Each structure stands twice: as C-alpha cells, then as structure tokens.
Amino acid sequence: MKSQIVRINKIALAAFVVALVLTASGAFAGRMELARIFEHIPPNGPAARYGNVTMVFDTDNRAPVIFPHWLHRARYTCKTCHLDLSFSLYSGESGMSRKQMVNGLFCGACHDGATAFSLHEESRNCDRCHLVQPERLDQRFTRFAHGLPASDAGNQIDWHETLSQGYISLQDSVNGKRRTNMTLPEDLSRPLLIGSQSPRLSVAFSHEDHFEWLDCSNCHPLVFNINKGKTEHFSMKHNVFGWFCGTCHMRVAFPMQDCQGCHPQIKKRPML
Ligand code: HEC
Ligand code: HEC
Ligand code: HEC
Ligand code: HEC
Ligand code: HEC
Ligand code: HEC
C-alpha cells in the first residue's frame, strides 16, 4: 500500500516536472522571439530628424518635401492637422495636390503668407519645403531643442514636460480659437490597465495625457477598439511593427526604445 502511494507520487512528480519544463521553455521561446523582434526597432537616429516625413514625387524634379513634426507640434496640437485639416496619420495617404494647397487646403491652410510663409507662386519659398538645404532645418532644431527637458530617444525632447512646464503653448486650431473640448467622463480620467499577454508588464494607459494632443477619432475605431480588451492582435510584437501604440510611438511620439516610458517596471531593456 505504502509503496503504491510512493509510486503514484513519483509519477505525479515526473508529470509536474515535465509540465514545468514545457511551460518554462514555452515562455523562454516567447521571450526569445520577442527579443528578436526588438531588433527590428529602428536605430535611434539623429534627434533633429525623428518625425520628419519625406514626400517624394516622380512627376517633378524638385527636391522632396520634408515635413518636420517637431517644429509644427511645438505650435499646434496633433488634432489641428490630423482632424481639422484631414491629414492622414499614415504617410502618403492624405492625397494632397499642389492645386488643393494653393486653394487653402492641407499645408495651404497655414502656408498662405499670413499664418506662415506662403507656398504661392510669387513667394519663392519653394525651397523651404522642397528642401534644398536639410542642414538648415537641423540647425533650427538644435537651437529649438537647447535647454528643453530632455529624453534619451526620438527627438530627445520630453514633449510632455516641455508642454506641462510651459516651454511651449499649443494652438488647438488654425485660427487660434480654442475648441470646446468635452470633459473626459470620470472612468476615462483614470489610467486604463492594458496587457493581455503578460500581466506583469501591463501598461497604465492614460486617456487624459493623450487628450491634450489628440482627438478620440485619432485612435478610435481605426487603431483601437473602443471596448476594453477587444482590440485584436494587440501585443508588444505588433507595437514594434508600427501598429497600435506603435502607430505614433515609432514615428512621432517617443519611440519604442524608451521601454520605461510605458513600462516603469522595466529597469533596463532586459530582453536585448
Ligand atoms: C501641422 C500639421 C501637423 C501636426 C500639428 C501634426 N502632424 Fe502628423 N502628419 C502631418 C503630415 C502632413 C503628415 C504626412 C501625411 C501624408 O504623408 O499624407 C503626418 C504624418 C503623421 C504620421 C505618420 C508618419 C509616418 O512616418 O508614417 C504620424 C504617426 C503622425 N503624423 C502623428 C502625429 C502626432 C502624434 C502629432 C502630435 C504630436 C502630429 N502628428 C502633429 C501633419 C501634422
Ligand atoms: C497649422 C498650420 C500649419 C500647417 C497645416 C503646416 N504648417 Fe508648416 N509651418 C507652420 C508655421 C507657423 C511655421 C513656422 C514659420 C516660420 O517661422 O518659419 C511652419 C514652418 C514650416 C517649415 C520650416 C521652414 C524653415 O525654413 O525653417 C517647413 C519645412 C514647413 N512648415 C513645411 C510644411 C509642410 C510641408 C506642410 C504640409 C504638409 C505644412 N508645413 C503645414 C504652420 C503650418
Ligand atoms: C509649405 C510647403 C510647400 C511649399 C512652400 C511649396 N510646396 Fe510644392 N508641395 C508641397 C507638398 C506637401 C506637396 C505634395 C506632396 C505629395 O504629393 O504628397 C507639393 C507638391 C508639389 C508639386 C507636385 C505635385 C502636384 O500636385 O503638382 C509641385 C509641382 C510643386 N509642389 C511645386 C511647388 C512650387 C513651384 C513651389 C513654390 C512656388 C512650391 N511647390 C512650394 C509643399 C510645399
Ligand atoms: C492615443 C489613443 C487613444 C485616444 C486618443 C483615445 N483612446 Fe480610448 N482607448 C484607447 C485604448 C488603447 C483603449 C483600450 C483598448 C483595448 O483594451 O482593446 C481605449 C479604450 C476606451 C474605452 C473603454 C474603456 C473601458 O474602461 O472600458 C472608452 C469608453 C474609450 N476608450 C473612449 C475614448 C474617448 C471618449 C476618447 C476621446 C476623449 C478616447 N477614447 C481617446 C486609446 C485611445
Ligand atoms: C495617435 C497617436 C498615439 C497613439 C496611438 C498612442 N500615443 Fe502615447 N502619446 C502620444 C503623444 C503625442 C504623446 C506625448 C508625448 C510624446 O510625443 O512623446 C504620448 C504620450 C504617451 C505617454 C507619456 C505620458 C506622460 O505623461 O508622460 C505614455 C506613457 C504613452 N503615450 C503610452 C501610450 C500607449 C501605452 C499607447 C498604446 C496603448 C499609446 N501611447 C498610443 C501619441 C500616441
Ligand atoms: C508606447 C508604449 C510602449 C513602449 C515604449 C514599450 N511597450 Fe511593451 N507593451 C506596451 C503595451 C500596451 C503592452 C501590452 C500589450 C498587450 O495587450 O498584450 C506591452 C507589452 C509588453 C510585454 C508583454 C508581452 C507582449 O507581447 O505583450 C513585454 C515583454 C514588453 N511589452 C516589453 C517591452 C520592452 C522590452 C520595451 C522597450 C524595448 C517596451 N516593451 C516598450 C507598450 C509599450
């Protein structure tokens, strides 16, 4: 009787050990895979050029247009352009033409000689956008960034602190009028815990911090399902490939290198 119990326990123990090894190696494989994916994070380029969108066309032999986000986001909220002026959050998708701009749409809503330098024929400013001397824009960045709250990646500017400490103040529309913002409902002003894959590395997402810059429609429904937990395929892996949080946090807002920006629990990039 006694030996039988011992035997059963041995089998149970063996099964337990096998199960443990399997789970551990599964987790390990998952971690290895994620580590490989992190190698896809683009290198931390020159701070002056992070967020610059290059627009190339083959119909004209002019230099490509360089649109610098840093310069514009230091003056306007994202929603001024990505809601009011219908600029797409995906480069190349806005479908703008010179004709529309001359008629006051897209860049032409501001670059009309009143709000900002003109793009009209007689103005001779063509080279400032069809950028002939990119170094000039880099130098302008260096002068701008000097003395601002710093960060390690992207523009190497802590944009949140730069705004909240009053180094910049943002216009929320082209004509300078403040829009009548809705106040966030009570449950959206609390951080939202997200993290379906690994609860240990869950992220406290703040609607409030994003709402200073963005409109609800910049994220819902295209980037995120408005029902908590219902965004399909939402994972760190897909963030790194430029989806979900990576839609902005790989291209304009602080990039994925800055693990602590979203995961204060991570001390140093442990996976790399
Ligand atoms: C002055 C206007 C303007 C402002 C302000 C602005 N953007 Fe943009 N954004 C653009 C334009 C123009 C493009 C390129 C669109 C195109 O190519 O069709 C763009 C593209 C993007 C892209 C895609 C970039 C890429 O490389 O694929 C992202 C992401 C983005 N913006 C996020 C933001 C965020 C976040 C903010 C606020 C912090 C912001 N934008 C503020 C005009 C603006
Ligand atoms: C919401 C208003 C607004 C929109 C829309 C806008 N800009 Fe600007 N832009 C400005 C302002 C204001 C400045 C600063 C003017 C100055 O002091 O040079 C500026 C400056 C620039 C500069 C810097 C030029 C230099 O010589 O330093 C470039 C390049 C530029 N814009 C390109 C663009 C392009 C390309 C678009 C459209 C894709 C665009 N902007 C849309 C407001 C706007
Ligand atoms: C404020 C920035 C800005 C200025 C200034 C500017 N452009 Fe452009 N230009 C653009 C942008 C943005 C596009 C469209 C990019 C795209 O196709 O996605 C463009 C496209 C063009 C195109 C090709 C596309 C088309 O629809 O025909 C021509 C030609 C052109 N510009 C000529 C000029 C000339 C000439 C000047 C000076 C008189 C000038 N641009 C000044 C931003 C500017
Ligand atoms: C920067 C992107 C972003 C912006 C802007 C944004 N949201 Fe969200 N929202 C999210 C994410 C991420 C989730 C969680 C999705 C998930 O879990 O699948 C979410 C979830 C929600 C939820 C579900 C919350 C819950 O506890 O069940 C509501 C409601 C919501 N958003 C409303 C809004 C409203 C209203 C606005 C504008 C005031 C807004 N969102 C702006 C990213 C955003
Ligand atoms: C539509 C663009 C967009 C998307 C999508 C987005 N963010 Fe952001 N986020 C921003 C901008 C703009 C800022 C301001 C700081 C900056 O630009 O670096 C910001 C700031 C933050 C901050 C810092 C806030 C602070 O107070 O310092 C955190 C944390 C953050 N985002 C997390 C997330 C997470 C997590 C997701 C995905 C669930 C996400 N963001 C999706 C645009 C975006
Ligand atoms: C812009 C915000 C943001 C940044 C920056 C960020 N993460 Fe994440 N991370 C998230 C979100 C949101 C999730 C939860 C996704 C989900 O629902 O599973 C996540 C999940 C994870 C997970 C859990 C496993 C998984 O696949 O979801 C790991 C591990 C992780 N992140 C590691 C990192 C590391 C390492 C870095 C730096 C190289 C980093 N993250 C940078 C937002 C971010």
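Is glutamine 156 buried or exposed, or partly exposed? Select glutamine 156 and take a look: this residue is partly exposed, because 16 other C-beta atoms lie within 10 Å (20 or more would make a residue buried, 12 or fewer exposed, with C-beta atoms placed from the backbone).

Before moving on, note that this is a predicted model, where local features need pLDDT of at least 70 and side-chain atom pairs count only at pLDDT 80 or more, while totals for chains, interfaces and linings use all residues. Residues are numbered from 1 along each chain as its sequence is written, and chains are lettered from A and ligands numbered from 1 in the order in which they are written.

Back to glutamine 156, which sits in the loop between helix H6 (134-145) and helix H7 (159-164) (helices are DSSP runs of H or I, at least four residues, and strands are runs of E, at least two, numbered from the N terminus). Now add phenylalanine 254: 98 residues separate the pair in sequence, yet their C-alpha atoms are 8.2 Å apart.

Keep phenylalanine 254 selected and show ligand 5. Among the 21 residues around ligand 5, Phe254 is one of the nearest, along with His160, Cys245, Cys248 and Ala253 (a residue counts if its C-beta atom, placed from the backbone, lies within 6 Å). Helix H11 (246-249) is among the elements that supply at least two residues of this shell, and H11 gives the most, with 3.

Last stop: ligand 3. Select the 18 residues surrounding ligand 3, where Ser97, Arg98, Leu119, Cys126 and Cys129 are the closest. Helix H5 (residues 126-129) brings the largest share of that shell, 3 residues.
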